[in-house]
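Hi there,

Here is the structure I promised to pass on to you. Have a look at it first, and then read on for what turned up.

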Amino acid sequence: IRPAPPVAADHVALTASYRPIGLARTIYKLWTSLTKSAMGERAEEQGMLCSSQAGFRQQRRTHDQLLTLVSAVEDAKLFQQDI
């Protein structure tokens, strides 16, 4: 990987004239992914999450929570009760 050359040809010898290669975003994404994985594993192992938490957990989906909510609303309507 080579940095992009400067626009003006008279500044070729100056290293400050070259634009740096931006890897900050890639490193940030890698770091956050590793951190999320480590924290998620620890939370699962330690039992830190409620059993109804499903948004980002393995083999649990937000759709499951939506189905539970819809069922609760339908039951409340059927039995004329508040949720």
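**The largest pocket**

The largest pocket holds about 210 Å³ of space. Please keep in mind that this is a predicted model. Around that pocket you will find Lys36, Ser37, Gly40, Glu41, Glu44, Leu49, Phe56, Arg57 and Gln58 as the lining. Sorted by character, the lining has four charged residues, three polar ones and two nonpolar ones.

**The salt bridge**

Two of the lining residues, Glu44 and Arg57, deserve a closer look. Side chains of opposite charge can pair when their charged atoms come close. Here, glutamate 44 and arginine 57 do this through a salt bridge, with 2.6 Å from N to O. Glutamate 44 belongs to helix 1 (24-46), while arginine 57 sits in the loop between helix 1 and helix 2, so the pair ties together parts that lie 13 residues apart in sequence. How many salt bridges does the count come to? The count comes to one.

The two partners also have their own exposure values. Arginine 57 has a relative accessible area of 9%, so it is buried, as it falls under the 20% cut-off. Glutamate 44, at 39%, is partly exposed.

**The nonpolar patch**

Moving on to the surface, there is a nonpolar patch made up of Leu66, Leu69, Val70, Val73 and Ile83. Together these residues have about 480 Å² of accessible area. Leucine 66 is part of helix 2, which covers residues 62-78. Isoleucine 83, in contrast, is in the segment after helix 2. Is isoleucine 83 buried or exposed? With a relative accessibility of 76%, isoleucine 83 counts as exposed. If you would like a distance to check within this patch, the C-alpha atoms of isoleucine 83 and valine 73 are 6.9 Å apart, and the two residues are ten apart in sequence.

**Two positive phi angles**

The backbone has a couple of points for you to look at as well. Glutamine 59 has a phi near 60°, which is a positive value in a residue other than glycine. Glutamine 59 is in the loop between helix 1 and helix 2, and with a relative accessible area of 75% glutamine 59 is exposed.

Where is glutamine 80? Glutamine 80 is placed in the segment after helix 2. Its phi is positive too, at about 50°, although glutamine 80 is not a glycine. Glutamine 80 is exposed, with a relative accessible area of 75%.

That is everything from my side, and I hope you enjoy looking through it.

Best wishes

Key: Residues numbered from 1 in each chain as written. Predicted model: local features only at pLDDT ≥ 70, side-chain atom pairs only at ≥ 80, totals over all residues. Heavy atoms only, no water. 1 Å grid on protein atoms, 1.4 Å probe; cavity = no way out; pocket = protein on both sides within 12 Å on 5 of 7 lines; lining within 4 Å. Points joined across faces, edges and corners; volume = space filled by probe spheres on them. Nonpolar A, V, L, I, M, F, W, Y, C, P; charged D, E, K, R; others polar. Patch = residues over 30% accessible without salt bridge, like charges linked within 9 Å, V, L, I, M, F, W, Y side chains within 5 Å. Areas by Shrake-Rupley, 256 points an atom, 1.4 Å probe, with all protein chains shown as cover. Salt bridge = Lys/Arg side-chain N within 4 Å of Asp/Glu carboxyl O. Helix = DSSP H or I, 4+ residues; strand = E, 2+ residues; numbered from the N terminus. Buried < 20%, exposed > 50% of the residue type's maximum accessible area, 1.4 Å probe, protein only.
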